[in-house]
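User: Can you walk me through this model? I'd like to go piece by piece.

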Amino acid sequence: RHLQLDTQQTPAMDDEALFVEILPPSTLSTKPDRIEVSVATVDPQLCGPLLKALSKLGSKDEALAHLKRVKRGRYSNNRNNDSPPPKKKAKVDLEVLLGRNEKEFAGLIETYNLQPQRMQVPGRTAESKQELEDFNRMWPTIYFHKNTEEHKAQELILSEDEIKAMVRGMEQAVKDGAVIVNPKSGCAVSRSQDELICQEEAARVNPLCSPVLLAIQGVSRLEREAALGHGMDSAAFQTGQYLCTGYDIYLKRE
């Protein structure tokens, strides 16, 4: 995650410091909210064979991948679709989504005595539970809450403890230039100023020795020291954080 301190609102670093997350371009779908398809009411006994026939027509229409192929239709005894089901079992017709282009399934219309009707259905996956309810009123859709922007945004909400830890990390970055922190312990693993002292003159004349690289080299130095006496093939070294996996870095300047 990439965050920066909102210095315009918080000139001094304190517990009320605000952080602005630098997000990538919106990943919200650009697909239309609705698309038009052909739907036919069929006898349940014909539903299986019809679905098999539809699957053999050719390439799958990816624009319909988020839609369920079948939904419950009306009762065959001419009851209103909104009426409660009868006490005795009654045959329920099913509505089958045939596709967008009638030319593709024209041969099946006569074979299965279909009477297709054009209707509007959701054109994309729902992005929230509320939108899912709205979409399902039109046609049942496939929904994975963990893939939605709503869930992703909820997962990224910072806790009070995380904000306080970030304030401490930024305070160290202002002092040292770049600091790598273990978020689990809250302790600084490497500071660019410490590594600059270790490398002395060599780092000062090397234009590639930026605070970021110096801080990363500091982590590398710690891992090499930990491997001494154990060997680089040892479990202690192999399970180390040489690539800074799971660590946070705080920078004074990018």
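**Helix H5 and what follows**

Analyst: Let's start with helix H5, residues 160-176. H5 has 17 residues and reaches 25 Å from its first C-alpha to its last, close to the 24 Å expected at 1.5 Å a residue. Keep in mind that this is a predicted model.

User: Which residues of H5 are buried?

Analyst: Met 166, Val 167, Gly 169, Met 170, Gln 172, Ala 173 and Asp 176 are buried in H5.

User: What happens just after H5?

Analyst: Gly 177 comes there, with a positive phi of about 95 degrees. Then there is strand E7, residues 178-182.

User: Is E7 mostly covered or mostly open?

Analyst: Mostly covered. Four of the five residues in E7 are buried.

User: What does E7 pair with?

Analyst: Strand E9, residues 248-251, pairs with E7 in the antiparallel sense over four bridges. Strand E8, residues 187-191, also pairs with E7 in the antiparallel sense, over four bridges.

User: Give me some register. Which residue is the bridge partner of Val 179 in E9?

Analyst: Tyr 250. Towards E8, Val 181 stands opposite Ala 188.

User: And the hairpin of E7 and E8? How many residues sit between the strands?

Analyst: Four residues lie between the strands. Gly 186, in that hairpin, takes a positive phi near 80 degrees.

User: What's the order in that sheet?

Analyst: E8-E7-E9. This is an open sheet of three strands with antiparallel pairing. E8 and E9 are the edge strands, each pairing on one side only. From one strand to the next, the twist averages 30 degrees.

User: Which strands of the sheet does H5 touch?

Analyst: H5 packs on the sheet and touches E7, E8 and E9. The direction of H5 makes about 50 degrees with that of E9. Helix H6, residues 192-199, packs on the sheet as well. H6 touches E7 and E8, and its direction makes about 40 degrees with that of E8.

User: Switching topic. Which residues form the largest nonpolar core?

Analyst: The core has 12 residues: Ala 40, Val 42, Cys 47, Leu 50, Ala 53, Leu 54, Val 96, Leu 98, Phe 105, Leu 108, Tyr 112 and Leu 114. Strand E3 (34-42), helix H1 (44-55) and strand E5 (92-99) each supply at least two of its residues.

User: Where does the largest share come from?

Analyst: From H1, with four residues.

User: Take Leu 50. What is it in contact with, leaving aside its neighbours within four places in sequence?

Analyst: Val 42, Val 96, Leu 98, Leu 108, Tyr 112 and Leu 114 are in contact with Leu 50. Apart from this core lies another one, of eight residues. Among them are Ile 35, Val 39, Leu 64 and Val 121.

User: E3 came up. What does E3 pair with?

Analyst: E3 and E6 pair in the antiparallel sense over six bridges. In that pairing, Val 37 stands opposite Met 119 in E6. E3 also pairs with E5, again in the antiparallel sense, over five bridges. There, Ala 40 stands opposite Val 96.

User: I'm curious about Gln 120. Where does Gln 120 lie?

Analyst: In strand E6, residues 117-122.

User: Why does Gln 120 count as partly exposed?

Analyst: Because its relative accessibility is 37%, and partly exposed covers the range between under 20%, which is buried, and over 50%, which is exposed.

User: Which residues does Gln 120 touch, not counting those up to four places away in sequence?

Analyst: Arg 34, Ile 35, Glu 36 and Met 138. Met 138 is 18 residues from Gln 120 along the chain, and their C-alpha atoms are separated by 7.3 Å.

User: Now the whole chain. How many helices and strands?

Analyst: Nine helices and nine strands. The protein chain has 254 residues, and 31% of them count as buried.

User: What about long-range contacts? What share joins residues at least 24 apart?

Analyst: 59% of the contacts between residues at least 6 apart in sequence.

User: Last one. What does the accessible surface come to?

Analyst: About 17500 Å² for the protein chain, of which 51% belongs to carbon and sulfur atoms.

Methods: Residues numbered from 1 in each chain as written. Predicted model: local features only at pLDDT ≥ 70, side-chain atom pairs only at ≥ 80, totals over all residues. Heavy atoms only, no water. Expected span 1.5 Å × (residues − 1). Buried < 20%, exposed > 50% of the residue type's maximum accessible area, 1.4 Å probe, protein only. Pairing = 2+ DSSP bridges. Core = buried A, V, L, I, M, F, W, Y, C linked by side-chain atoms within 4.5 Å. Contact = heavy atoms within 4.5 Å. Areas by Shrake-Rupley, 256 points an atom, 1.4 Å probe, with all protein chains shown as cover. Axes fitted to C-alpha atoms, helices over the stretch in contact; angles between N-to-C directions.
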